[in-house]
There are 2 protein chains.
Amino acid sequence: MQLELQQTSGRLYIQVYQYYKELILSGRLASGTKMPSLRRCARELEISRTTVESAYLQLAADGYIIARPQSGYYVTELSAHQPSFQESKPVSSFPIVYNFASSGVDHESFRFDIWRRYIKSALRQDERLLSYGEPQGEKDFRETLASYVQTHRNIICSPDDIVVGAGTQSLLNILCPLLKDRKSVSFPNPSFVQGISVFEDYGFDVRCRDKDCDIIYVSPAHMTKWGDIMPVSRRLELVRHASDRGSIILEDDFENEFVYLQRPTPSLQSLSGGHGVVYIGSFSRLLLPSIRISFMVLPPELSKKYHLRASHYNQTASKAEQIALCQFIRDGHLAAQSRKLRRLYAAKLKDLLFAVRHAFGQDAAVRVGSGGTSLALRLACNVSGEQFLSRCKKRGVLVELLREESGFLDLLLSCSTMPAEKFLPGCLCLAQIWKE
Amino acid sequence: MQLELQQTSGRLYIQVYQYYKELILSGRLASGTKMPSLRRCARELEISRTTVESAYLQLAADGYIIARPQSGYYVTELSAHQPSFQESKPVSSFPIVYNFASSGVDHESFRFDIWRRYIKSALRQDERLLSYGEPQGEKDFRETLASYVQTHRNIICSPDDIVVGAGTQSLLNILCPLLKDRKSVSFPNPSFVQGISVFEDYGFDVRCRDKDCDIIYVSPAHMTKWGDIMPVSRRLELVRHASDRGSIILEDDFENEFVYLQRPTPSLQSLSGGHGVVYIGSFSRLLLPSIRISFMVLPPELSKKYHLRASHYNQTASKAEQIALCQFIRDGHLAAQSRKLRRLYAAKLKDLLFAVRHAFGQDAAVRVGSGGTSLALRLACNVSGEQFLSRCKKRGVLVELLREESGFLDLLLSCSTMPAEKFLPGCLCLAQIWKE
């Protein structure tokens with residue numbers, strides 16, 4: 001390779017830099033090779049020593065060569081030059097045949113064709129997409145949300161009290177600073193790691209099921225993973241207690257739409273008359289997990305605080321998706337999708353229950369709640385949970401372990417992702433693994 | 001208001017059009033007012049009747065005036081002048097005619113048709129969209145980013161060290177907890193409210209330009225709002241100082257792509273050999289402000305810490321947009337867009353400088369840096385900044401106030417959003433407000 005220096009274009013040292021970089025990357029200058037001395041290089045290329053030095057410094061800065069005192073520059077180890085493209089997850093060698101573990105969305109349930117139409121139409125609003133989104137969320141979207149939650153959850157709020165974000169965590173990152181006059185927060189169980197992490201990161205004292213905390217995080221429609229919901233009497237009690245104590249309730253209305261077996265219960269927000277409760281809603285389970293849009297309804301006192309700081313926060317949710325979802329809701333598709341999924345998951349959960357009963361008979365205790373998309377299965381078992389899951393995995397069965405204690409394993413089986421016709425063979429396979 | 005026509009630059013009729021449009025929008029030409037006849041207007045402005053007619057036709061086409069047979073042109077009802085597309089922001093009573101304040105993207109620069117194609121193709125990946133995104137960002141997207149930053153910024157990293165998020169704030173919300181063994185953070189100036197807020201929320205001691213802090217936040221390609229960049233010598237010095245002190249540098253490579261007047265300077269990350277620097281990149285200014293995708297490259301020590309906690313954080317950026325952007329970059333569109341914008345903004349900034357010089361002559365001091373999309377204008381002024389901005393607003397001119405001191409106002413004028421043909425009438429209007 002010849003280095004022809006272009007005096008005219010660009011700075012010389014960059015050309016020298018590029019020249020050596022290529023020699024090193026192509027392996028023609030092997031690792032460990034001593035670079036020519038500054039003087040020799042300058043003489044051979046007929047340029048100044050300073051130029052060579054600048055190039056060498058840049059090469060060293062970029063890790064291609066290294067200076068050794070009283071000796072000169074040497075090409076570094078080759079491995080350092082190539083980014084090691086490592087797998088982020090070790091690829092499982094066992095293909096998944098029966099997936100009871102995923103909390104995705106039923107493959108048949110979502111009308112991609114409709115959603116694509118709405119996104120396409122949102123992307124046609126060139127002007128609107130050329131500017132940053134509103135920090136609080138698009139105004140028309142917030143108006144639509146306000147009217148949706150009023151109709152479906154009896155929540156009376158102004159669009160000004162709604163804050164949109166890319167997922168619940170983004171909202172908690174806005175909420176935590178507004179709550180910093182409070183110290184302790186209670187979560188219903190330790191499994192909501194994403195929520196707990198955020199509060200811990202902000203220095204809150206995180207506790208478990210302690211209703212005397214300053215902040216009470218609760219998912220009334222998802223009290224347990226197998227779908228227990230909070231009865232109305234306890235909802236009233238909680239609202240009263242929090243109001244007496246001056247605590248703030250964070251009502252995460254997760255899976256409320258999937259409360260099949262009875263009418264949706266009243267939201268804490270509506271029971272409290274809109275005071276002292278932050279209502280949090282999300283669309284991941286209802287539409288697509290990949291749509292990262294959540295929202296929260298702030299009570300007046302926090303809404304005021306938020307507006308003083310609103311300009312400090314950028315919007316995180318995609319503007320195009322907000323525009324699309326806004327029209328999607330206005331045209332009634334969200335309500336229709338919600339009805340459809342409620343029917344679908346209720347039927348699938350029944351099918352799953354039937355498959356479990358058939359495969360395990362009287363050998364297993366099953367817990368099903370009033371909602372959700374999962375059931376809990378208790379098996380007497382003399383191996384550890386870890387061993388059992390690993391055996392399942394080898395046979396292509398994915399399940400979630402809820403807990404293990406004294407000879408029992410509690411497994412969680414979800415009906416949401418897998419098609420119903422795989423329930424029975426999947427449960428039979430699971431039963432066989434268990435019996436072995 | 002005097003209209004001074006520039007025969008040389010731009011098309012004459014557009015200047016006449018702008019002139020009347022502003023008079024109408026500001027209400028100085030009330031609705032129902034008869035426009036001067038073509039002949040009279042041509043005589044007064046000393047231009048041809050054809051030019052006036054072209055301007056009137058355009059005003060009529062845009063709904064500002066209406067032709068009445070055998071009578072002439074009349075200003076239409078005021079309501080008709082407001083864009084029918086309801087702004088999501090509270091409609092200001094003063095319509096914006098000249099927007100020097102916005103940091104959006106040039107309307108002509110973005111190929112929406114191409115982007116729509118990529119989004120459409122991403123939305124066809126049904127299976128992929130039915131599951132949650134990877135907390136760290138989609139793997140193929142991170143691979144593409146790693147190779148992009150290696151080519152364009154000399155940054156050698158593994159896709160495992162990259163974390164994707166919906167905007168810089170989302171990334172800082174992940175980063176701050178990883179840095180909690182550190183106490184103080186330095187920002188180059190108090191104007192990056194969004195970044196400062198996050199650190200304050202996590203309890204850091206936020207200071208200004210203090211290089212003895214534990215964390216140093218810096219935007220080397222955007223040192224001042226008017227585009228000063230950090231010289232290489234200072235970059236080396238900063239990297240060395242931080243390394244000696246054990247400080248972490250957060251290198252926000254904001255607007256690096258817009259460094260026109262010289263070759264992009266080496267990144268701090270590459271100068272440091274990848275240690276002790278977090279590199280942060282974003283696409284908002286390069287593509288669309290409404291695309292909320294940023295990424296950071298973590299140094300080994302922080303990457304390790306992150307992976308221990310990765311499952312605590314949900315991904316905030318839209319999965320569909322990540323998939324689309326990944327292929328968009330692979331097909332070379334990002335690099336092309338970057339080259340295009342660099343040329344476009346360099347030309348527009350020159351036009352803006354010309355317009356400012358023409359409108360203010362020797363009365364104003366102008367500062368322009370080596371990059372960016374804005375210039376700073378210092379005006380001697382005996383009213384307060386607030387008063388001045390309010391006067392501007394009433395005339396439909398939006399500018400940003402940098403600071404005010406003892407009889408001087410420093411204004412920031414951006415060339416990015418407004419089309420170049422509005423620079424001159426806009427600057428003339430601004431000069432007039434200033435002279436009043």
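Here are some notes on helix packing, one buried strand residue and the cysteines in this predicted model.

1. First, some ground rules. This is a predicted model, where local features need pLDDT of at least 70, side-chain atom pairs count only at pLDDT 80 or more, and totals for chains, interfaces and linings use all residues. Residues are numbered from 1 along each chain as its sequence is written, chains are lettered from A and ligands numbered from 1 in the order in which they are written, and side-chain values use heavy atoms, leaving out hydrogens and water.

2. Have a look at where the two chains bring their α4 helices together. Helix α4 of chain A and helix α4 of chain B, each covering residues 112–123, pack at about 165° with axes 10 Å apart. (Helices are DSSP runs of H or I with at least four residues, strands are E runs of at least two, and both are numbered from the N terminus; axes are lines fitted to C-alpha atoms, for helices over the stretch in contact, with angles from 0 to 180 degrees between N-to-C directions.) So α4(A) and α4(B) are roughly antiparallel, a label for angles over 145 degrees.

3. Who meets whom there? Among the residues in contact (heavy atoms within 4.5 Å) are Phe112(A), Trp115(A) and Ile119(A) from α4(A), and Phe112(B), Trp115(B) and Ile119(B) from α4(B). The contact of α4(A) with α4(B) divides into 8 nonpolar, no polar and 4 charged residues. Here Ala, Val, Leu, Ile, Met, Phe, Trp, Tyr, Cys and Pro count as nonpolar, Asp, Glu, Lys and Arg as charged, and the others, Gly among them, as polar.

4. Now a pair inside chain A. Helix α6 (residues 139–153) and helix α12 (residues 319–330) of chain A pack at about 35°, with axes 9 Å apart. Phe141(A) and Leu145(A) are among the α6(A) residues at this contact, and Leu325(A) and Ile329(A) are among those from α12(A).

5. Val278(A) sits in strand β9 (residues 277–282) of chain A. Is Val278(A) buried or exposed? Val278(A) is buried, at 0% relative accessible area; buried means under 20%, exposed over 50% and partly exposed in between, using a 1.4 Å probe and protein chains only. Leaving out residues up to four places away in sequence, Val278(A) touches residues including Leu175(A), Ile248(A) and Met296(A).

6. Finally, the cysteines. There are 0 disulfides over all chains, a disulfide being a pair of cysteine sulfur atoms within 2.5 Å. Why does Cys208(A) have no bond? The closest cysteine sulfur, in Cys213(A), is 9.7 Å from the sulfur of Cys208(A), too far for a bond. Cys208(A) is partly exposed at 44%, while Cys429(B) is buried at 3%.

How values were computed. Angles under 35 degrees count as roughly parallel, over 145 as roughly antiparallel, 65 to 115 as roughly perpendicular and the rest as oblique.
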